[in-house]
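Please load the model in a viewer and keep the sequence panel open beside it. The tour below proceeds by selections, each followed by a short account of what is found there.

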Amino acid sequence: MPRKVDHQERRALIADALMRVAADRGLEAVSLRHVAAEAGVSAGMVQHYFRTKDEMMAFALAVVRDRNQVRVTDAVARLGADPSPRLLLRTMITALLPLDAQTRDDGRVALAFLAYTAVRPAAAASLREDTAQMVGFLAGVLPGPNAAEAAAGLLALMEGLGVYLLGGHYTGEQAIRVLDAHLDLLFGPSTPA
């Protein structure tokens with residue numbers, strides 16, 4: 001009797017290989033051949049799950065998005081009931097910054113995807129939706145009449161800190177100090193715990 005193929009397991013195997021190639025060598029190195037070699041499968045098998053490079057890139061971004069969602073959800077859950085808006089945002093952003101090995105790998109993939117979509121605008125549709133949702137959420141938490149602009153600025157700060165962390169320009173401690181200083185501008189100085 002032929003063995004039943006677990007498509008979800010194979011897709012996960014290929015996804016893990018895709019993420020390793022993208023994190024180690026950048027998205028420009030991602031190809032059916034490279035991903036297949038990393039996964040230890042045939043290029044035909046990879047092509048069965050991803051017909052084009054754009055499909056692979058969108059999948060890689062979806063994996064990063066899912067991992068980020070889990071990180072943020074777990075971090076916010078540890079805050080308990082009804083955290084202050086400032087603490088909520090600090091916790092969420094800190095969970096998203098590339099401060100450890102896993103988040104650095106994910107951050108490199110996300111950054112490479114941003115560069116990839118700069119010359120392929122059609123591939124950026126889901127990213128634009130994510131950005132609009134994030135700005136909307138942040139604006140709902142931030143105080144003041146210009147919350148939408150402040151939200152866009154906070155998101156830009158987070159992305160910039162991520163780039164500086166990935167490039168080694170800032171340490172994690174420096175990035176957190178910058179984030180705290182910006183949150184002080186938005187919410188007023190925090191009181192020491």
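**First selection: A22**

Begin with A22, which is buried, with a relative accessible area of 1%. The structure is a predicted model, and the residue selected here belongs to helix α1. Show the surroundings of A22 and leave out residues up to four places away in sequence: the residues it touches are then L27, V30 and V109. Next, draw a distance from A22 to R33, eleven residues further apart along the chain; their C-alpha atoms are separated by 13 Å.

**Staying on the same helix: A12**

Move along to A12, also found in helix α1. Is A12 buried, exposed or partly exposed? Its relative accessibility is 35%, so A12 counts as partly exposed, the class between the limits of 20% and 50%. Select A39 together with A12: these two residues are 27 apart along the chain, and 10.0 Å separates their C-alpha atoms.

**Zooming out: the whole chain**

Return to the full view and colour by secondary structure. The protein has nine helices and zero strands, and its pattern along the sequence reads α-α-α-α-α-α-α-α-α. The C-alpha trace spans about 65 × 40 × 30 Å along its principal axes. The protein has 193 residues, of which 37% count as buried. Considering contacts between residues at least 6 apart in sequence, 62% of them join residues at least 24 apart.

**Colouring by domain**

Now colour residues 1–51 and 54–187 separately; the domain assignment gives these ranges as domain 1 and domain 2, respectively. Their centres, taken over C-alpha atoms, are 27 Å apart. In the contact, 16 residues come from domain 1 and 15 residues from domain 2.

How much area is buried between domain 1 and domain 2? The value is about 1,200 Å², and carbon and sulfur atoms give 77% of it. To see where domain 1 makes its main contribution, select M19, A23 and L27: these supply 48% of the area that domain 1 buries against domain 2, more than any other three residues.

**Polar features at the domain boundary**

Display side chains at R51 and E55. The two meet in a salt bridge, with an N to O distance of 2.9 Å. Between domain 1 and domain 2 the count is one salt bridge, and the count of residue pairs in polar contact, both at pLDDT 80 or more, is likewise one.

Which helices supply at least two residues each to the side of domain 1 that touches domain 2? Select α1 (7–25), α2 (32–39) and α3 (43–49), each of which does so. The largest share, seven residues, comes from α1. By residue class, this side of domain 1 divides into twelve nonpolar, one polar and three charged residues.

**Into domain 2: R71**

Select R71 in helix α4. Although its side chain is that of an arginine, R71 counts as buried, at 18% relative accessibility; the cut-off for that class is under 20%. The side chains of R71 and N68 are joined by a polar contact of 2.8 Å. Leaving aside neighbours within four places in sequence, R71 is in contact with A95, Q102, T103 and D106.

**The loop after α4: D82**

Follow the chain from α4 (53–77) towards α5 (85–96) and stop at D82, in the loop between these two helices. What is the phi of D82? It is positive, at about 55 degrees, although D82 is not a glycine. Most residues other than glycine have a negative phi. The relative accessibility of D82 is 73%, so this residue counts as exposed.

**Last selection: R86**

Finish at R86, which is found in helix α5. Is R86 buried or exposed? With 13% relative accessibility, R86 counts as buried. Apart from residues up to four places away in sequence, R86 touches D180, L183, D184, F187, G188 and S190. Showing these residues together with R86 completes the tour.

Notes. Residues numbered from 1 in each chain as written. Predicted model: local features only at pLDDT ≥ 70, side-chain atom pairs only at ≥ 80, totals over all residues. Heavy atoms only, no water. Domains from an automatic or database assignment. Contact = heavy atoms within 4.5 Å. Buried area = accessible area lost by both parts, 1.4 Å probe. Salt bridge = Lys/Arg side-chain N within 4 Å of Asp/Glu carboxyl O. Polar contact = N/O pair within 3.5 Å; in protein donor to acceptor, adjacent residues only side chain to side chain. Helix = DSSP H or I, 4+ residues; strand = E, 2+ residues; numbered from the N terminus. Nonpolar A, V, L, I, M, F, W, Y, C, P; charged D, E, K, R; others polar. Buried < 20%, exposed > 50% of the residue type's maximum accessible area, 1.4 Å probe, protein only.
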